[in-house]
Amino acid sequence: MIGLGLVGMGYTGWQHLRVVQTLPALEVRAVVETDPARLQGLPPGIAVKPTWQDLLDDPRIEAVSICLPHDLHLEVVTGALAAGRHVLVEKPLALDLPAAERLTAAAAAAPTVTMVEMTHRFYPPVVKARQWVNAGHLGQLVAVSERIVQPVADGELPDWMMQRHRSGGGVTMTNGVHMLDRMAWVSGQPLRLHAAVLGRGQHWGDIEDTASLLLTLADGTPASLLAAWPRGRGATDDELTLYGTAGILRVWAWRGWAFEPTGGTPQVHDEYPADADHAARARVGMAGALAEFAAAIAEGRPARPGFAEILAVQRLIDQVYRQSSDPLPAA
Ligand SMILES: NC(=O)c1ccc[n+]([C@@H]2O[C@H](COP(=O)([O-])OP(=O)(O)OC[C@H]3O[C@@H](n4cnc5c(N)ncnc54)[C@H](O)[C@@H]3O)[C@@H](O)[C@H]2O)c1
């Protein structure tokens with residue numbers, strides 16, 4: 001049983017707590033949270049520490065999961081590594097590229113396990129897509145398209161996410177990081193950015209609410225990405241589409257997948273219980289990530305994805321903000 005400390009008990013910290021309660025290898029022993037209202041309902045037996053430094057002073061805490069606003073990742077991950085702890089940090093690795101580079105160097109020098117919590121790599125439909133591409137079931141890839149359009153109601157997302165100095169950016173930083181990573185991971189190829197158009201028409205704070213990116217895979221295959229946070233309510237429109245010479249694979253992270261073989265009968269498959277709500281479906285991915293973190297600690301091996309893998313995604317995001325037709329102010 002690995003003793004875990006959770007830093008930040010907002011939406012994601014609570015999701016991690018619920019997931020860990022289902023995993024035999026991990027036990028949440030303490031949490032830190034600056035807003036007392038977010039500690040209501042904490043199960044008995046879990047210590048509440050005043051600060052993350054106090055949490056790291058507790059020898060029962062062997063590993064930490066950091067679920068904080070992006071501007072705090074650098075300081076807290078650095079502190080946890082210096083204190084000799086295994087570290088899982090929520091995506092993105094850091095607020096900006098220099099901070100991500102510093103954390104990657106610190107992780108490379110640390111003897112402990114370090115991992116970025118990239119939930120999408122553990123969603124069953126995304127895992128399936130990677131296996132199918134690897135096995136050659138799609139034939140030769142012709143094009144890849146990525147889309148997550150997530151309607152956002154006022155007050156639904158935390159204020160800090162809409163403030164560039166705290167989040168590092170908008171929908172590209174928060175959702176695009178998953179999308180760029182899953183495109184590269186599923187196709188097995190790094191991405192190259194050619195053009196970025198960002199929109200701010202929804203007036204969420206000082207961040208971009210829409211991103212349209214033109215990319216290629218390393219072998220030259222064209223790829224595109226559309227991410228948006230329109231104001232409103234409703235279901236998220238999410239699809240990673242892989243067009244191959246043998247057929248089209250449509251991947252819906254929180255639903256399932258469909259394969260349309262060239263000239264054959266389409267297959268559609270749901271990967272979740274029909275009664276699971278969105279948060280429950282998200283926990284399936286988080287459970288995969290936390291299980292990988294625990295297994296890597298138990299087996300004394302690197303966890304995946306490590307910081308260096310996600311640094312590549314942060315490099316792309318840095319290019320997006322630099323090359324955009326409407327560059328944002330510096331974070
Ligand atoms: N993997 C996913 O699917 C997913 C989904 C949502 C968010 N996230 C990521 O999780 C992280 C947190 O996002 P969130 O949506 O949970 O935000 P949130 O605002 O709901 O939670 C952050 C919490 O940290 C607390 N906090 C702030 N400063 C603190 C400090 N110094 N010490 C202790 N607690 C402090 C806040 O009070 C808040 O409760 C971000 O990195 C975000 O991108 C990941």
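Begin by selecting Gly84, which lies just after α3 and takes a positive phi of about 80°. The model on display is predicted, and the tour moves outward from this residue.

**Helix α3 and the strands beside it**

Select helix α3, residues 73-82, and show its side chains. Which residues of α3 are buried? They are His73, Leu74, Val76, Val77, Ala80 and Leu81. Now add the elements that cover these buried residues: they include β1, α2 (52-56), β4 (63-66), β5 and α4.

From this set, keep β1, residues 2-7, and add β2. The two strands run parallel and are joined by six bridges. As a starting point for tracing the pairing, select Ile2, which stands opposite Leu26 in β2. Strand β2, residues 26-32, is mostly covered, with six of its seven residues buried.

**Two cis peptide bonds**

Next, select Lys91 and Pro92. The peptide bond joining Lys91 and Pro92 is cis, with omega at about -15°. Pro92 belongs to the loop between β5 (86-90) and α4.

A second cis bond can be found by selecting Arg304 and Pro305, where omega is near 0°. Here the proline sits in the loop between α8 and α9. Most peptide bonds are trans.

**The ligand shell**

Centre the view on the ligand and select the residues around it. How many residues surround the ligand? There are 24, of which Gly8, Gly10, Thr12, Glu90 and Pro158 come nearest. Colouring the shell by residue class gives 11 nonpolar, seven polar and six charged residues.

**The two domains**

Zoom out and colour the chain by domain. Domain 1 consists of 2-118 together with 286-305, and domain 2 of 121-275 together with 312-323. The centres of the two domains, taken over C-alpha atoms, are separated by 25 Å. Domain 1 contributes 16 residues to the contact and domain 2 contributes 15.

To view the side of domain 1 that touches domain 2, select α4 (97-109) and α8 (278-299), each of which supplies at least two residues of that side. The residues on this side of domain 1 comprise 10 nonpolar, three polar and three charged.

**The eight-stranded sheet**

Turn now to the open sheet of eight strands and colour its members in the order β8-β9-β10-β7-β11-β12-β13-β14; the pairing is mixed. Which strands lie at the edges? They are β8 (191-199) and β14 (267-270), each pairing on one side only. On average, neighbouring strands of this sheet are turned by 10° against each other, direction ignored.

Within the sheet, isolate β7 (residues 141-149) and β11 (residues 237-244), which pair in the antiparallel sense over eight bridges. Selecting Leu141 and Gly244 shows one pair of bridge partners, with Gly244 in β11. Strands of a sheet pair through backbone hydrogen bonds, either parallel or antiparallel.

**Helices against the sheet**

Add helix α5 to the view. α5 lies across β11, β12 (247-252) and β13 (256-261), and runs at about 155° to β12. Then add helix α9, residues 307-323, which packs on the sheet and touches β8 and β9 (210-217). The direction of α9 makes about 45° with that of β8.

Return to α5 (residues 124-135) and display α7 (residues 171-187) with it. The axes of these two helices come within 8 Å and cross at roughly 35°. For the contact, select Val126, Ala129, Arg130 and Val133 of α5 and Arg182, Trp185, Val186 and Ser187 of α7. This contact of α5 with α7 holds five nonpolar residues, one polar and two charged.

**Loops of the sheet**

Select His203, in the loop between β8 and β9. His203 has a positive phi of about 55° although it is not a glycine. Most residues other than glycine have a negative phi. Is His203 buried or exposed? His203 counts as exposed because it has 10 C-beta neighbours inside 10 Å, where exposure requires 12 or fewer.

The final stop is Gly264, in the loop between β13 and β14. Gly264 is exposed, with 10 other C-beta atoms within 10 Å. To finish, draw a distance from the C-alpha of Gly264 to that of Asn134: the two residues are 130 apart in sequence and 21 Å apart in space.

Definitions and conventions
Residues numbered from 1 in each chain as written. Predicted model: local features only at pLDDT ≥ 70, side-chain atom pairs only at ≥ 80, totals over all residues. Domains from an automatic or database assignment. Contact = placed C-beta atoms within 7 Å. Helix = DSSP H or I, 4+ residues; strand = E, 2+ residues; numbered from the N terminus. Nonpolar A, V, L, I, M, F, W, Y, C, P; charged D, E, K, R; others polar. Axes fitted to C-alpha atoms, helices over the stretch in contact; angles between N-to-C directions. Near = placed C-beta within 6 Å. Pairing = 2+ DSSP bridges. Buried ≥ 20, exposed ≤ 12 C-beta atoms within 10 Å, placed from the backbone.
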